[in-house]
Amino acid sequence: MTMDETSAPDAGPQFASGARGPLPAWGVPDAVNSTVIDFLGGLWRRDTLSVRDRQLVTIAVNVALGVNEALPIHVHNALKGGLTEEEVYELILHVGAYAGFSRATDAFKVTKDVLAAGRAG
């Protein structure tokens, strides 16, 4: 599915109808997106683990799985939430020992960019 190229750029994404209903240009139906957001919101509000612990786990899982597209937002939020740069780097190093140093190397590159952007902005 593609965005309608004739629409105004500020009109937001346009949806093309398909057999399964409207899909945004990026391919994830709004119903799926809102379901995931609702689920994750509830998960983060649980009180057994602290937000700090959840941030550490989330970064660790993203590094271990090589999900570098999502890593910047999680690193950014963790730093805003009180984790230090040193803690994030140490976490990535630790995960690298178990998940593979190529995953850690990629995560270090992504994290370096997040930190540089934070210092510039």
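Start your tour by selecting arginine 52, which counts as partly exposed at 35% relative accessibility. Keep in mind that you are looking at a predicted model.

**Stop 1: a bridge between two helices**

With arginine 52 still selected, add glutamate 87 to the view. What links these two residues? They form a salt bridge, and the closest N and O atoms are 2.3 Å apart. Arginine 52 sits in helix α2 and glutamate 87 in helix α4 (residues 85-99), so this pair ties together parts that are 35 residues apart in sequence. Glutamate 87 is partly exposed too, with a relative accessibility of 28%. How many salt bridges does the structure hold? There is one, so you have now visited it, between arginine 52 and glutamate 87.

**Stop 2: the whole chain**

Now zoom out and colour by secondary structure. You should find five helices and two strands. Trace them from the N terminus and the order reads β-β-α-α-α-α-α. The protein has 121 residues, and 21% of them count as buried.

**Stop 3: two packed helices**

Next, select residues 51-65 for helix α2 and residues 71-80 for helix α3. Their axes lie 10 Å apart, and the helices pack at an angle of about 155°. Are they roughly parallel or antiparallel? An angle over 145 degrees counts as roughly antiparallel, and α2 and α3 are therefore roughly antiparallel to each other. Turn the view to look at how they cross: α2 passes α3 in a left-handed crossing.

**Stop 4: alanine 64**

Stay on helix α2 and pick alanine 64, which lies in this helix. Its relative accessible area is 28%, so alanine 64 is partly exposed. Now add tyrosine 98 and set up a distance between the two C-alpha atoms. Alanine 64 and tyrosine 98 are 34 residues apart in sequence, while their C-alpha atoms are 8.1 Å apart in space.

**Stop 5: a nonpolar patch on the surface**

For the last stop, switch on the surface and select Val28, Val32, Val36, Phe39, Leu40, Leu43, Trp44 and Val51. Together these residues form a nonpolar patch with about 640 Å² of accessible area. Which helix gives the most to the patch? Helix α1 (residues 30-45) does, with six residues.

Finish by clicking on leucine 43, a patch member that is found in helix α1. Leucine 43 has a relative accessible area of 31% and is partly exposed. Patches take residues with over 30% relative accessible area, which leucine 43 meets with its 31%.

How values were computed. Residues are numbered from 1 along each chain as its sequence is written. This is a predicted model: local features need pLDDT of at least 70, side-chain atom pairs count only at pLDDT 80 or more; totals for chains, interfaces and linings use all residues. Side-chain values use heavy atoms; hydrogens and water are left out. Patches are made of residues with over 30% relative accessible area and no salt bridge: like charges are joined within 9 Å, nonpolar side chains (Val, Leu, Ile, Met, Phe, Trp, Tyr) within 5 Å. Accessible areas come from the Shrake-Rupley method with a 1.4 Å probe; for residues, only the protein chains shown count as cover. A salt bridge is a side-chain nitrogen of Lys or Arg within 4 Å of a carboxyl oxygen of Asp or Glu. Helices (H or I, at least four residues) and strands (E, at least two) are DSSP runs, numbered from the N terminus. Buried means under 20% relative accessible area, exposed over 50%, partly exposed in between (1.4 Å probe, protein chains only). Axes are lines fitted to C-alpha atoms, for helices over the stretch in contact, and angles run from 0 to 180 degrees between N-to-C directions. Angles under 35 degrees count as roughly parallel, over 145 as roughly antiparallel, 65 to 115 as roughly perpendicular and the rest as oblique. A crossing is left-handed if the near helix is turned anticlockwise from the far one by less than a right angle, and right-handed if clockwise.
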